[in-house]
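Student: Could we go through this structure together, with a few questions on its side chains?

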Amino acid sequence: MVDFVKIADKYQIDRSRIEFEITEAVLLDDSQIKNVREGLQMIHQYGFKSSIDDFGTGYSSLSLLQEFDIDTLKLDRSFFQDINNAKARDVVACIVDIAKKLDIRTVVEGIETLQQVEYLKKMECNTIQGFFFSRPLPIPEFEQWLYRFQILDYMKIEKEV
């Protein structure tokens, strides 16, 4: 952990902007529970953030959210494959609501349709990512995409004013 601290400090990166991601499967390994808990405590002691990736792909237990100090919950795309299914929508709504009550940010991954985006906006999910917005891009293409996005956002603000 000390190496991460040194690197963040060397490049003057606010440690709270760095998030260590663990997969849900790590939390389910009873032999590693103590190590995981201590690791998460250390991450926070140094000012970094933590997240659970692929939440909902294994044998998720809501007790994980109670037992471990997590900043962000990343919901797997499998929750959104059938957004027309009322039961699936209710499960997502409950998870997002629990996360809000526990002050845990939510990120949904693998979003591909406007219908999914609109639903997640209604649920007040913190972050939505996926091919709907863009495929993964090499750095030069990403910089062009970001520039276009910022210009469009600026133009929108100008019109509103």
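Tutor: Happy to; we will look at charge pairs and then at a surface patch. Please note that this is a predicted model, in which local features need pLDDT of at least 70, side-chain atom pairs count only at pLDDT 80 or more, and totals for chains, interfaces and linings use all residues. Residues are numbered from 1 along each chain as its sequence is written, and side-chain values use heavy atoms, with hydrogens and water left out.

Student: How many salt bridges does the structure hold?

Tutor: Side chains of opposite charge can pair when their charged atoms come close. A salt bridge here is a side-chain nitrogen of Lys or Arg within 4 Å of a carboxyl oxygen of Asp or Glu. The structure's total is eight.

Student: Which residue forms a salt bridge with Asp-97?

Tutor: The partner lies four residues away in helix α5 (residues 86–101), so about one helical turn separates the two; helices are DSSP runs (H or I, at least four residues), numbered from the N terminus. The closest N and O atoms are 3.4 Å apart, and the partner is Lys-101.

Student: Is Lys-34 buried or exposed?

Tutor: Buried means under 20% relative accessible area, exposed over 50%, and partly exposed in between (1.4 Å probe, protein chains only). Lys-34 has a relative accessible area of 58%, so Lys-34 is exposed.

Student: What is the N to O distance between the side chains of Asp-9 and Arg-15?

Tutor: Asp-9 is partly exposed at 41%, and Arg-15 is partly exposed at 22%. Their side chains meet in a salt bridge, with an N to O distance of 2.8 Å.
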